[in-house]
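Subject: Handing over a structure

Hello,

Here is the structure I promised to pass on to you. Please have a look at it first, and then read my notes underneath.

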Amino acid sequence: MTDDKALASYVAQGNKHAFELLIRKHERLVAHMVGRVVSNSEDLEEICQDVFLRVYEKISEFNFQSKLSTWIATIAYRQAINHLRKKKIEWSDIPEEESFTAHFISDDNPEEKLNDDDMEALVLKMIDHLPPQYRVVLTLYHLQDMNYQEIGEATGMPEGTVKNYLFRARQLLKENVKKYLGKEV
């Protein structure tokens, strides 16, 4: 029952086992998608539940013009954005690159270098402090293996914007890792 069309059909027919399978198959995607927009863990859990309820309600309308995962990511993204709107948090209210840099650059001990595990943790922490739109495209591209078109479908962003955000996010991470380490990476 791993075929997406069959899975969607079973879920649409009310098959609880199929719905549980769909949740297990896509819960990581939904958590990544929502978690890149919403930082509060209680809100995150509630929104993820809302996403799967929405998927359950709307799956009979899904027509496979895109991948099932892209459709679910779209719902997750929209639910997260709607949550921000309800909380009166606008994308434009979220600081851009300048404040991101300040979180990580310090002169405490420039001689101290990081091992690989510490570096990975640092980069993940830096990603968490990126502006949300950058976190979203990085997550979908690198962790969910979506292409530009799929990310555009999921977020409603034009493909050029997706490419731009991905480029800017990578550049920002690279510059800040360099500054943090005090050398070229």
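What share of the contacts in the protein chain with a separation of 6 or more comes from residues 24 or more positions apart? It is 69%, where contact means heavy atoms within 4.5 Å.

Before the rest, a word on the source. This is a predicted model, in which local features need pLDDT of at least 70 and side-chain atom pairs count only at pLDDT 80 or more, while totals for chains, interfaces and linings use all residues. Residues are numbered from 1 along each chain as its sequence is written, and side-chain values use heavy atoms, with hydrogens and water left out.

The protein chain has nine helices and zero strands; these are DSSP runs numbered from the N terminus, with H or I over at least four residues for a helix and E over at least two for a strand. Of its 185 residues, 39% count as buried, that is, under 20% relative accessible area with a 1.4 Å probe, protein chains only.

Now to the interior. The largest nonpolar core holds 49 residues; such a core is a set of buried Ala, Val, Leu, Ile, Met, Phe, Trp, Tyr and Cys residues joined through side-chain atoms within 4.5 Å. Leu22 and Val34 touch the most other members. Two or more residues come from each of α1 (4–12), α2 (16–35), α3 (41–58), α4 (68–86), α6 (116–128), α7 (132–143), α8 (148–155) and α9 (159–181), and α4 gives the most, with ten. Domain 1 (2–86) and domain 2 (97–178) both contribute, so this core lies between them; the bounds come from an automatic or database domain assignment.

Setting aside neighbours within four places in sequence, Leu22 is in contact with Leu7, Val11, Phe52, Val55, Ile59, Leu68 and Ile72.

Tyr77 sits in helix α4 and is buried, at 8% relative accessible area. Tyr77 and Ile47 are 30 residues apart in sequence, and their C-alpha atoms are 10.0 Å apart.

Finally, α9. This helix has 23 residues and reaches 33 Å from first C-alpha to last, close to the expected 33 Å, which is 1.5 Å times one less than its number of residues. Its buried residues are Val162, Leu166, Ala169, Leu172, Leu173, Asn176, Val177 and Leu181. Just after α9, Gly182 takes a positive phi of about 75°.

Happy exploring, and best wishes!

Definitions and conventions: Buried means under 20% relative accessible area, exposed over 50%, partly exposed in between (1.4 Å probe, protein chains only).
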